[in-house]
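Reader: I'm new to this one. Could you walk me through it, starting with the rings?

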Amino acid sequence: MQATSYTYDPETRTGSVLLDDGTPVEFDAAAFDAGGLLLLRPGQRVRIEGEGRGADLRITLVTLQTF
């Protein structure tokens with residue numbers, strides 16, 4: 001699934017993304033670390049993996065979207 005990074009705190013390695021429909025979804029440090037990223041800037045296009053749907057969506061991986 002694709003999303004756009006919205007917030008990121010480098011101290012806690014947590015943040016949120018916006019899904020393509022504008023829904024914000026938060027991610028934890030484990031999801032950030034799973035993607036192998038060092039930094040994330042607002043507005044970057046990212047690829048996410050998660051469990052659940054809708055309000056129950058929990059992000060398990062955040063990494064950069066590459067084409």
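**Rings, core and strands**

Author: Sure. This is a predicted model, and a search of the whole structure turns up two aromatic pairs.

Reader: How are the rings of F27 and F32 arranged: stacked or edge-to-face?

Author: Their centres are 6.4 Å apart and their planes meet at 15°. Planes under 30 degrees apart get one particular label. So the pair of F27 and F32 is stacked.

Reader: Is F32 buried or exposed?

Author: The cut-off for buried is under 20% relative accessible area. F32 has 1% relative accessibility, so F32 counts as buried.

Reader: Which residues do the ring pairs link into a cluster?

Author: We've already met the stacked F27 and F32. Ring pairs bring in a tyrosine too, and the cluster is Y8, F27 and F32.

Reader: Which strand does V17 belong to, among those that supply the largest nonpolar core?

Author: V17 is one of the core residues that touch the most other members. Leaving aside neighbours within four places in sequence, its contacts include F27, V46, I48 and I59. Among the elements that each supply at least two residues of this core, the one spanning 14-19 is β2.

Reader: How many bridges join β4 and β5?

Author: These two form a hairpin with six residues between them, and G52 in the turn has a positive phi of about 90°. One bridge puts E51 with R58 in β5. The strands pair in the antiparallel sense, and the number of bridges is six.

Reader: Which residue in β4 stands opposite Q2?

Author: β1 and β4 pair in the antiparallel sense over three bridges. Opposite Q2, in β4, stands R47.

How values were computed: Residues numbered from 1 in each chain as written. Predicted model: local features only at pLDDT ≥ 70, side-chain atom pairs only at ≥ 80, totals over all residues. Heavy atoms only, no water. Core = buried A, V, L, I, M, F, W, Y, C linked by side-chain atoms within 4.5 Å. Buried < 20%, exposed > 50% of the residue type's maximum accessible area, 1.4 Å probe, protein only. Helix = DSSP H or I, 4+ residues; strand = E, 2+ residues; numbered from the N terminus. Contact = heavy atoms within 4.5 Å. Pairing = 2+ DSSP bridges. Phe/Tyr/Trp six-rings, centres within 6.5 Å; stacked < 30°, edge-to-face > 60°.
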